[in-house]
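Please walk through the model below with attention to how one buried side chain is surrounded, how charged side chains pair up, and where an enclosed space is found.

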Amino acid sequence: MCGRYSLTLDAEDIIEMFLIDEFLAEEWRPRYNIAPSQKVLGAVEVNGKRRAGYFYWGLTPKWIKEPQKWKPLINARSESLLEKISFKDLVNKRRCILFADGFYEWRRKGQDKQPFRFFRKDKQPFAFAALWDVNEVSGEKKPSCTILTTSPNEMVGPIHDRMPVILKEEQLSLWLDHQVPYEQIQSQLAPYPADEMDVYQVSEQVNSPKNDHPSILQKI
């Protein structure tokens with residue numbers, strides 16, 4: 001699964017690196033410990049242009065009539081999207097990406113869980129494959145999203161049995177283009193190459209979403 005991640009870039013860098021045409025995320029600031037239920041920054045493609053804005057992390061499909069009783073879906077297993085009612089109607093209509101530069105996973109040691117930070121070896125930002133939808137209650141629209149996961153690569157495997165789907169640069173356009181059928185890109189939702197990633201142990205400060213500052217990223 002993916003339950004925490006970071007995005008420490010300024011808006012200008014995000015716009016340049018991800019070729020964003022419209023940036024609608026007001027008051028964006030770098031984040032070091034992004035958690036479920038919070039606003040997260042991502043992008044969709046509309047009429048051939050990439051539009052970046054906020055989603056709430058934790059999918060609540062549009063057909064949910066009482067969202068207060070629904071448990072938002074923060075992750076979706078990429079292998080079974082077409083089998084789940086919450087996802088099968090989104091794979092061709094509501095594909096999006098979420099921006100990140102690292103993600104956290106925890107390794108159990110007795111009663112304790114030790115957090116680790118995974119990132120690209122070249123320290124460049126990347127994009128998670130995600131799905132989104134809009135739920136409307138009492139006239140208020142709320143866009144929400146879920147991050148796709150896959151089996152772990154050789155680096156993540158010793159820590160956790162799942163990892164987020166990280167798209168390579170050449171896959172972004174295909175994923176965002178709804179003219180491309182999901183069946184044509186499903187096979188690309190694979191583990192990111194382990195030899196292109198790095199990892200280190202971080203402080204247990206990351207366990208609390210209240211802690212969202214640069215020291216979260218420090219290696220211990």
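In what follows, contact means that heavy atoms lie within 4.5 Å. The model is a predicted one, and a convenient place to enter it is Thr146, which is found in strand β11, residues 140-150. Leaving aside residues up to four places away in sequence, Thr146 touches Leu59, Leu73, Ile74, Asn75, Ala76, Phe87, Ala129, Ala130 and Leu131. With a relative accessible area of 0%, Thr146 is buried, and two of its listed neighbours also take part in polar contacts with its side chain: the backbone oxygen of Ile74 is reached at 3.2 Å, while the backbone nitrogen of Asn75 lies 3.1 Å from a polar atom of that side chain.

From this residue we turn to the charged pairs. Over the whole structure, 10 salt bridges are found, and one of them joins the side chains of Arg31 and Asp212, with an N to O distance of 2.4 Å. Because Arg31 belongs to strand β3 (residues 31-34) and Asp212 to the segment after β14 (197-201), this pair ties together parts that are 181 residues apart in sequence. Both Arg31 and Asp212 are buried, and the two are linked with Arg29 in a network of salt bridges.

A further salt bridge brings together the side chains of Asp133 and Arg94, at 3.8 Å from N to O. Since Asp133 lies in strand β10 (residues 126-137) and Arg94 in the loop between β6 (75-77) and β7 (95-100), the pair ties together parts that are 39 residues apart in sequence. Asp133, at 3% relative accessibility, counts as buried, whereas Arg94, at 25%, counts as partly exposed. In the salt bridge between Arg120 and Asp122, the closest N and O atoms are 2.7 Å apart; here Arg120 counts as buried at 8% relative accessibility, and Asp122 as partly exposed at 43%.

What remains is the enclosed space. How many cavities of 30 Å³ or more does a search of the whole structure find? The search finds 1, and the volume of the largest cavity is about 30 Å³. Its lining is made up of Leu167, Gln171, Leu174, Trp175, Ile185, Gln188 and Leu189, and helix α2 (residues 169-176) supplies the largest share of that lining, namely 3 residues. Sorted by class, the lining of this cavity has 5 nonpolar and 2 polar residues, and no charged residues.

Terms used
Residues are numbered from 1 along each chain as its sequence is written. This is a predicted model: local features need pLDDT of at least 70, side-chain atom pairs count only at pLDDT 80 or more; totals for chains, interfaces and linings use all residues. Side-chain values use heavy atoms; hydrogens and water are left out. On a 1 Å grid over the protein atoms alone, a cavity is a set of points where a 1.4 Å probe fits but cannot get out, and a pocket is an open set with protein on both sides within 12 Å along at least five of seven lines; lining residues have an atom within 4 Å of a point. Grid points are joined across faces, edges and corners, and a volume is the space filled by probe spheres set on the points. Helices (H or I, at least four residues) and strands (E, at least two) are DSSP runs, numbered from the N terminus. Ala, Val, Leu, Ile, Met, Phe, Trp, Tyr, Cys and Pro count as nonpolar, Asp, Glu, Lys and Arg as charged, and the others, Gly among them, as polar. Buried means under 20% relative accessible area, exposed over 50%, partly exposed in between (1.4 Å probe, protein chains only). A polar contact is a pair of N or O atoms within 3.5 Å; within protein, one must be able to donate a hydrogen and the other to accept it, and residues adjacent in sequence count only if both atoms are side-chain atoms. A salt bridge is a side-chain nitrogen of Lys or Arg within 4 Å of a carboxyl oxygen of Asp or Glu.
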